[in-house]
Amino acid sequence: RKSSSSTLAGYGISSLGLGCYRIGLEEKQRIKDSLASGINLLDTSVTYLAGSSEVAIGECLLELGKDHKHESELSVRDRSEVVVVTKVGYLQGPAKEIASQREANGNPWPEM
């Protein structure tokens, strides 16, 4: 069953989103199933599973354009149809190490 949608800032967004707090690389099928059902709003954070949630979403989005085998079954077919919501400001784990190294090298992320 397809999810209904609304428009926000020009983007068509499903009325339901997938919260990816506990979804890491081993759970990518949940993301794919959500996209297949018409959900196109994915909520994540660099702090979710020490960044694994964002990596899993990224890998699914890369695969989205490559997997044409089940194209007729997919509701969301293109990266431009997916809205990813994330948060910044609090870093931990690998992300914190990368940010610290960038800062030590004189190349900090300007947003941080």
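## A helix and its surroundings

Helix H2 is 13 residues long and spans 18 Å from its first C-alpha to its last, close to the 18 Å expected at 1.5 Å a residue. Keep in mind as you look around that this is a predicted model.

Which residues of H2 are buried? They are Ser53, Ala56, Ile57, Cys60, Leu61 and Leu64. Looking down the axis of H2, you would find these buried residues within an arc of 135°, so they line one face of the helix. A general rule helps here: an α-helix has 3.6 residues a turn, so residues three or four places apart point the same way. The cover over the buried residues of H2 includes H1, strand E4 (41-43) and strand E5 (83-85).

**The whole protein**

Now let us step back. The protein contains 3 helices and 5 strands, and along the sequence they follow the pattern β-β-β-α-β-α-β-α. It has 112 residues, and 29% of them count as buried. About 7,500 Å² of the protein is exposed, with carbon and sulfur atoms supplying 52% of that area. Take the contacts between residues at least 6 apart in sequence: 64% of these join residues at least 24 apart.

**The nonpolar core**

The largest nonpolar core holds 14 residues, and Leu18, Ile31, Leu42, Ile57 and Val82 have the most contacts inside it. Two or more residues of this core come from each of helix H1 (28-37) and helix H2 (52-64). Which element gives the most to this core? That is H2, with 5 residues.

Isoleucine 57 is a good residue to click on. Leaving aside residues up to four places away in sequence, isoleucine 57 touches Cys20, Ile31, Leu42, Thr44 and Val84.

Over in helix H1 you can find serine 34. Is serine 34 buried or exposed? Its relative accessible area is 11%, and the cut-off for buried is under 20%, so serine 34 counts as buried. Again leaving aside residues up to four places away in sequence, serine 34 touches Leu18 and Ile39.

**A hairpin at the start**

Strand E1 (residues 5-8) and strand E2 (residues 11-14) pair in the antiparallel sense, over 4 bridges. Within this pair, serine 6 stands opposite isoleucine 13 in E2. E1 and E2 form a hairpin with 2 residues between them, and alanine 9 in the turn has a positive phi of about 55°.

**Positive phi in a loop**

Most residues other than glycine have a negative phi. It is therefore worth looking at two residues with a positive phi, leucine 49 and alanine 50. Leucine 49 is in the loop between E4 and H2, and alanine 50 is found in the loop between E4 and H2 too. How much of each residue is accessible? Leucine 49 is partly exposed, and alanine 50 also counts as partly exposed. The table puts their values side by side.

| Residue | Phi | Relative accessible area |
|---|---|---|
| Leucine 49 | about 55° | 33% |
| Alanine 50 | near 55° | 38% |

**Back to the helix**

To finish, return to H2 and turn the model until you look down its axis. The buried residues line one face of the helix, within that arc of 135°. From there you can look for what covers them, including H1 and the strands E4 and E5.

Key:
Residues numbered from 1 in each chain as written. Predicted model: local features only at pLDDT ≥ 70, side-chain atom pairs only at ≥ 80, totals over all residues. Heavy atoms only, no water. Buried < 20%, exposed > 50% of the residue type's maximum accessible area, 1.4 Å probe, protein only. Contact = heavy atoms within 4.5 Å. Areas by Shrake-Rupley, 256 points an atom, 1.4 Å probe, with all protein chains shown as cover. Core = buried A, V, L, I, M, F, W, Y, C linked by side-chain atoms within 4.5 Å. Pairing = 2+ DSSP bridges. Expected span 1.5 Å × (residues − 1). Arc of directions from axis to C-beta.
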